[in-house]
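Visitor: I have just started reading protein structures, and I would like to go through this one slowly with you.

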Amino acid sequence: MADSTDDRRFMAAAIALSERGRGLSTPNPNVGCLIVRDGVVVGRGWTQKGGRPHAEAQALDQALDQARGATAYVTLEPCFHLSARGPRCADLMARAGVTRVVIALRDPDPRTDGQGAEHLRARGIQVEMGLMAQEAASAMCGFVLRQTLGRPAVTLKLGLSLDGCIALKNGSSRWITGEAARAHAHLERARHDAILVGGGTLRADKPRLDVRLRGLENRSPRRLLLSRGAAPKGWEAIEHPGDIAALAHVDHLLIEGGAAAAASFLHADLVDRLLLYRAPILIGSGLPGLGDIGLSDLAQAHGRWRLTDERKLGEDRLEVYERQRSA
C-alpha cells in the first residue's frame with residue numbers, strides 16, 4: 001500500500017489532469033484519473049470534450065492488463081448511474097481488477113452520491129474517500145456549484161490601473177495591461193464554457209472574446225450579452241444575472257466587462273472568483289472598474305474575499321480572490 005505522501009502526490013497529479021478538461025467537458029464534470037501499479041503510473045485520463053470518454057475509462061484503456069492489482073486515483077467518485085453514452089465507471093473499475101480506489105470528492109450528483117463507492121466495496125475493492133477533496137472541488141467548481149446551487153461558477157475578470165480605473169475618461173482602454181497579462185486572460189477564456197460582457201462594452205469595444213493563443217483557438221467560449229435587447233449574430237442575450245442558472249451546458253462563466261455588468265453580478269452575490277490584473281499605471285479621472293454593488297455599510301465589505309494566488313505577469317500583477325461563503 002502506498003504511503004500518504006505518495007497518495008497525495010498521485011492525487012495532486014490527477015487533479016492537475018482534471019484541469020485539462022475544464023471548459024470542455026460540460027455537462028459532465030472535469031475529472032482526472034491515474035492508474036498506479038507498483039509506484040508507476042500505467043494509465044492516465046481526464047474527461048474529454050463533451051463529457052466522453054470519462055477520465056476513468058480513458059485511464060483504464062491506457063493501462064490495459066496493468067490495471068489488475070493497481071490503485072486508481074480519481075478526483076470524483078466513479079459514476080454509478082446508467083447512461084446510453086457509456087458504461088458506469090464503477091463497473092469499469094471493478095471489471096479491470098483494480099484492488100484499491102482513492103477518491104478525492106464524493107459525487108454530489110444524487111444519481112451516484114456514495115453508490116459508486118459502495119458498489120466497489122461490495123466487489124472487494126478497498127475504497128478511500130476524501131483525500132484532497134477541497135482541491136478537487138475547486139478544480140471542478142462549476143460542476144459542484146451546478147449540483148449544489150443550480151448555477152455555474154462565475155469568475156469576474158478586471159484589468160485595472162493602480163487607482164482602480166478600467167479606461168480613460170473618454171473610454172479608451174487599449175491597453176491597460178501588458179502582453180503577458182492579456183495572454184493569461186486568454187488562457188482563462190479557454191477554461192470557461194461561456195464569456196459575458198455588458199451592452200456598453202459591446203458597443204464601445206466590439207470585443208471578439210475569442211481565444212488567441214496558438215493551439216487553443218478552438219477553445220473559444222460561447223459569447224453572452226447582458227442586455228434586455230436582442231443579441232447580435234453569434235451572441236446570446238440574458239436579461240438578468242440570475243438567468244445564468246438556465247444556461248444549458250455552462251458550468252464555468254467568465255465576466256469580462258464592463259463596470260455595470262460586473263457590478264450587477266456582485267450586487268446579486270453571484271461572483272465566486274475574482275481575477276484582478278493590475279497595471280503599474282495611474283489614470284486619475286478615468287472610468288472606475290465597478291459601479292454600485294449595493295453596500296450600505298462598510299462592514300459588509302469585509303470578510304467576503306480570500307486571496308488564493310498572486311503572481312507577476314510581465315510588469316503587471318495578478319491577484320486571485322475567492323468568495324467566502326458560509327457552508
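The questions and answers below go from the whole chain to one sheet and then to one residue.

Guide: This is a predicted model, in which local features need pLDDT of at least 70 and side-chain atom pairs count only at pLDDT 80 or more, while totals for chains, interfaces and linings use all residues. Residues are numbered from 1 along each chain as its sequence is written, and side-chain values use heavy atoms, with hydrogens and water left out.

Visitor: What is the radius of gyration of the chain?
Guide: The radius of gyration is taken over C-alpha atoms, and the globule rule is 2.2 Å times the number of residues to the power 0.38. For 327 residues a compact globule would come out near 20 Å, and the chain agrees with this, having 22 Å.

Visitor: How many strands are there in the chain?
Guide: Helices (H or I, at least four residues) and strands (E, at least two) are DSSP runs, numbered from the N terminus. Counted in this way, the chain has nine helices, and its strands number 15.

Visitor: Which strands stand at the edges of the open sheet?
Guide: Two strands pair if DSSP finds at least two bridges between them, and five strands form this open sheet with mixed pairing, in the order S2-S1-S3-S4-S5. Each edge strand has a single partner, so one side of it is left without a neighbour in the sheet; the two are S2 (40-46) and S5 (126-129).

Visitor: Which residue in S5 stands opposite valine 101?
Guide: Strand S4 (residues 100-105) and S5 run parallel and are joined by four bridges. Across from valine 101, the residue in S5 is valine 127.

Visitor: At what angle does helix H2 run to S2?
Guide: Axes are lines fitted to C-alpha atoms, for helices over the stretch in contact (heavy atoms within 4.5 Å), and angles run from 0 to 180 degrees between N-to-C directions. Helix H2 (residues 55-63) lies across strand S1 (32-37), S2 and strand S3 (71-76), and its angle to S2 is about 145°.

Visitor: Does serine 161 count as buried or exposed, and why?
Guide: Serine 161 is found in the loop between strand S6 (153-160) and strand S7 (165-167). Buried means under 20% relative accessible area, exposed over 50%, and partly exposed in between (1.4 Å probe, protein chains only). Because its relative accessibility is 0%, serine 161 counts as buried.
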